[in-house]
Amino acid sequence: TAASIFQADKYFEQQQYSSAYKAYLDATKIGSPHAYYQLGVMKNQGLGVEQDNLKALVWFSLAAEYQFNDAESVKQQLLSQLNETQQHEIKNVITSLQKRLGKKTIEQRYFPELNVKNVDKKITFGGAGQLENTYQDPEMIFGDMNDNFSVNDTYSFDDGMDSFGFNDGLDALFDEEGNSQANALSRRPAINFTRRPYFLIIDHDVGKDGSIRNITPVQTIGYARSGLEQVASNTLAQPTFEEKRIDFVNRTYLGTATYSRFQMRDENKELYSRIRRLAKKLKKSTVLNDQYQYAMALSAFTWLPQEENEAEETLKQVALQGHPLAQFEYGYKLYREQKNIDEAIKWLSMSSKYGLDKAEYLLARILHTSPWVINDEHKALFWYQSAMEKGHEAATLKVIELKLLALDETLHNVTEAIELLAKLEESQSDNPEYYFLLSISHKNRENRNFRHVVKYLKEAIDLGDDLNWDVTYWEELMVRWTTGTVHISDG
């Protein structure tokens with residue numbers, strides 16, 4: 001788990017070839033064609049390893065299965081340099097290795113298998129085909145809007161893998177050190193006004209009850225804390241598949257991210273003009289990452305002039321050229337909009353092979369609960385753990401859940417669950433799900449203290465109720481656990 005092509009590439013660029021070679025080898029376990037190709041390059045050129053064209057040929061052959069880059073032509077070129085006997089021998093080696101690391105083997109071992117009888121069916125949301133994806137903050141609607149929106153208040157930036165050259169959102173709004181280019185947008189002093197308009201786009205899970213959970217900012221400009229607090233207690237239409245409530249995912253736009261072109265122009269002409277100029281510049285660029293940024297700009301600032309489906313089509317073209325964040329964004333868009341589930345899962349799988357934690361988390365969620373694939377707790381745990389190793393806290397909670405409550409009891413490990421819960425004590429102190437799992441962990445311990453079981457379940461119920469979660473099941477557990485011969489007292 002925790003393979004990262006981004007880290008491997010960083011080592012390679014810094015000519016730390018020994019570390020790069022090891023990191024690429026780690027990534028071969030999940031079938032990364034990029035890793036196969038890079039290993040072929042290193043063996044072919046003797047970069048940090050002994051030069052060996054035969055081994056290079058093996059790696060290029062594995063990459064060629066995915067039609068990656070020019071792997072097929074390099075493979076044929078290297079084969080042409082061998083005599084007939086050598087070609088026969090190396091093909092046997094390749095066939096043998098494909099049984100362990102070939103595309104078909106890896107796909108079966110780690111990736112989703114479509115549930116063909118469900119793949120064309122839709123999840124509905126209160127009778128509608130799509131979830132609401134905008135939220136109006138009452139403070140912005142009824143508050144004092146005399147102060148214009150500015151990015152010099154506060155910003156946060158979900159960088160994904162920005163240290164490796166891949167950014168979420170519009171990195172051009174920030175300088176090379178990551179500092180907001182506020183002076184270019186506003187001449188006013190940098191003062192925080194919590195009620196001033198903000199720009200916020202979030203990704204989040206949607207619970208069976210329609211609750212918004214595991215919020216991750218995608219793009220934030222301005223002071224967005226109030227918006228995050230408001231949306232956390234909001235509820236959406238319950239996702240339903242064949243009359244059964246189910247989990248899902250969504251992207252929600254808040255604050256000025258919901259503005260029309262006229263609202264944005266009127267309330268902050270400077271920012272409006274700058275973003276338009278920036279989008280024009282990105283559109284003209286032939287640099288792959290600039291094209292990705294352009295697609296993200298069109299998606300984030302929906303008032304920008306654009307052709308029909310231009311954002312989606314641009315993402316697709318960039319994804320086809322191997323940009324992992326574009327692969328994630330394109331796959332995620334297809335998935336949450338239920339446009340093409342098969343294609344969505346393929347793109348999400350590709351991006352997860354780069355070690356992108358949010359792709360790994362979503363892939364795990366799909367394997368865990370999606371009605372469109374054969375659910376597999378073992379595969380889900382693998383990807384949850386990989387995302388967890390990269391610091392993804394929602395994935396950590398899911399690892400804990402499986403180690404305590406998986407249908408497959410061979411995955412249960414109370415000791416490891418307790419250790420992971422301890423690491424989340426501070427960061428998840430306001431999360432009802434954390435306290436529910438903490439309660440379960442106390443219930444399943446060898447030397448349990450039932451007061452703690454009840455205490456933490458009560459905390460989960462109270463917090464969940466505050467956030468408008470459906471806590472009926474937890475309340476039923478409380479009744480079941482405290483009824484009969486069980487006596488609980490405060491203390």
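Tutor: Two strands pair if DSSP finds at least two bridges between them. Keep that in mind as we look at this predicted model.

Student: OK, what makes β2 and β8 a pair?

Tutor: Strand β2, residues 134-135, is joined to β8 over two bridges. The cut-off is at least two, so β2 and β8 count as paired. Their sense is parallel, and the bridge partner of Y135 in β8 is L254.

Student: And how do you know that β4 pairs with β8?

Tutor: Here there are eight bridges between β4, residues 199-206, and β8. At least two are needed, so this is a pair as well. This one runs in the antiparallel sense, and I201 has Y253 of β8 as its bridge partner.

Student: Why is β8 called mostly covered?

Tutor: Buried means under 20% relative accessible area. In β8, residues 248-255, eight of the eight residues are buried, so each of those eight falls under that limit. For the whole protein, 52% of the 491 residues count as buried.

Student: On to the helices. What makes α19 roughly antiparallel to α20?

Tutor: Helix α19 (residues 393-405) and helix α20 (residues 414-423) pack at an angle of about 155°, with axes 8 Å apart. Angles over 145 degrees count as roughly antiparallel, and about 155° is over that, which makes α19 roughly antiparallel to α20. The crossing of these two helices is left-handed.

Student: Which residues of α19 and α20 meet there?

Tutor: From α19 you have T396, V399, I400, K403 and L404, and they meet V414, E416, A417, L420 and L421 in α20. Sorted by class, that contact holds seven nonpolar, one polar and two charged residues. Lys and Glu count as charged, so K403 and E416 are the two charged ones.

Student: Why is α6 called roughly parallel to α7?

Tutor: Helix α6 (residues 84-101) packs against helix α7 (residues 103-110) at about 10°, and their axes are 6 Å apart. The cut-off for roughly parallel is under 35 degrees; about 10° is under it, so α6 is roughly parallel to α7. Their crossing is right-handed. On the α6 side the contact uses Q98, K99, R100 and L101, and on the α7 side K103, T105, I106 and R109.

Student: What classes of residue make up that contact?

Tutor: Two nonpolar, two polar and four charged residues. Lys and Arg count as charged, so K99, R100, K103 and R109 give you the four.

Definitions and conventions. Residues numbered from 1 in each chain as written. Predicted model: local features only at pLDDT ≥ 70, side-chain atom pairs only at ≥ 80, totals over all residues. Heavy atoms only, no water. Buried < 20%, exposed > 50% of the residue type's maximum accessible area, 1.4 Å probe, protein only. Axes fitted to C-alpha atoms, helices over the stretch in contact; angles between N-to-C directions. Parallel < 35°, antiparallel > 145°, perpendicular 65-115°, else oblique. Left-handed = near helix turned anticlockwise from the far one by under 90°. Contact = heavy atoms within 4.5 Å.
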